[in-house]
Amino acid sequence: MRTNKLLRSGFVMGIGLFLSGTAIADNCTGYDILVTTNAETRDLGNGMTLTTFQAESALTSEDSIYNLATGQCSGTALATPDGKVRSTGHCARHDKDGHTQSIEWAQAPGAEKGMWKSTGGTGKFAGKTDSGWFQNVRSDGKIGMTKWGGNCK
């Protein structure tokens with residue numbers, strides 16, 4: 001049960017895609033469908049656990065170049081004795097033409113939304129400085145879906 005909560009929190013990305021939203025109105029939005037392929041929780045003692053996880057990711061978007069980019073996301077979720085979870089990680093994806101794109105993401109303890117930002121890419125993703133938010137829509141511990149939005153240039 002606790003691992004399920006950690007995975008939901010960890011993949012509330014997006015992108016599972018840093019706090020509530022962007023100051024500028026979103027000009028790109030979509031969904032990230034994630035399938036967990038590996039998760040391991042280590043009990044650190046005194047009510048703390050650290051979960052590491054990997055997931056396959058597929059993005060959908062009707063208003064950005066990220067539509068149908070697929071790849072892998074990985075991250076960690078640190079649960080503290082007060083029951084709050086802090087999550088961070090990275091995703092690396094590619095499109096049908098082989099152009100690659102990467103992001104880093106984080107979600108603060110107790111936050112409903114997390115934040116993501118581009119960290120690199122090739123081809124049409126090269127030089128992107130896009131960033132935004134993500135929020136969990138649905139998760140059953142194995143398959144998760146997050147809604148994301150942001151400022152894509």
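**Entry 1: ground rules.** Two strands count as paired if DSSP finds at least two bridges between them. Helices (H or I, at least four residues) and strands (E, at least two) are DSSP runs, numbered from the N terminus. I am working with a predicted model, where local features need pLDDT of at least 70 and side-chain atom pairs count only at pLDDT 80 or more, while totals for chains, interfaces and linings use all residues. Residues are numbered from 1 along each chain as its sequence is written, and side-chain values use heavy atoms, with hydrogens and water left out.

**Entry 2: the whole chain.** I looked up the secondary structure and found one helix and eight strands. Going along the sequence, I read the pattern α-β-β-β-β-β-β-β-β. Next I checked burial (buried means under 20% relative accessible area, exposed over 50%, partly exposed in between, with a 1.4 Å probe and protein chains only). Of the 153 residues in the chain, 38% are buried. The chain exposes about 7600 Å² by the Shrake-Rupley method with a 1.4 Å probe. Carbon and sulfur atoms supply 54% of that area.

**Entry 3: the barrel.** What do the eight strands close into? I found a barrel, with antiparallel pairing and the order β1-β2-β3-β4-β5-β6-β7-β8. On average, neighbouring strands of this sheet are turned by 30° against each other, direction ignored. For that angle, axes are lines fitted to C-alpha atoms, and angles run from 0 to 180 degrees between N-to-C directions. A reminder to myself: strands of a sheet pair through backbone hydrogen bonds, either parallel or antiparallel.

**Entry 4: β5 with β6.** I followed strand β5 (residues 100-107) to strand β6 (residues 113-121) and found six bridges, with the two strands running antiparallel. Ile 103 has Ser 118 as its bridge partner in β6, and Gln 101 has Gly 121. The two strands form a hairpin with five residues between them. In its turn I noted Gly 110, whose phi is positive at about 80°.

**Entry 5: β6 with β7.** Strand β7 covers residues 131-139 and pairs with β6 in the antiparallel sense over five bridges. Lys 117 sits opposite Ser 131 of β7, and Met 115 sits opposite Trp 133.

**Entry 6: β7 with β8.** How many bridges pair β7 with strand β8 (residues 143-151)? I found eight, again in the antiparallel sense. Trp 133 turned up once more here, with Gly 149 as its bridge partner in β8. This pair also forms a hairpin, with three residues between the strands. Gly 141 in the turn has a positive phi of about 95°.
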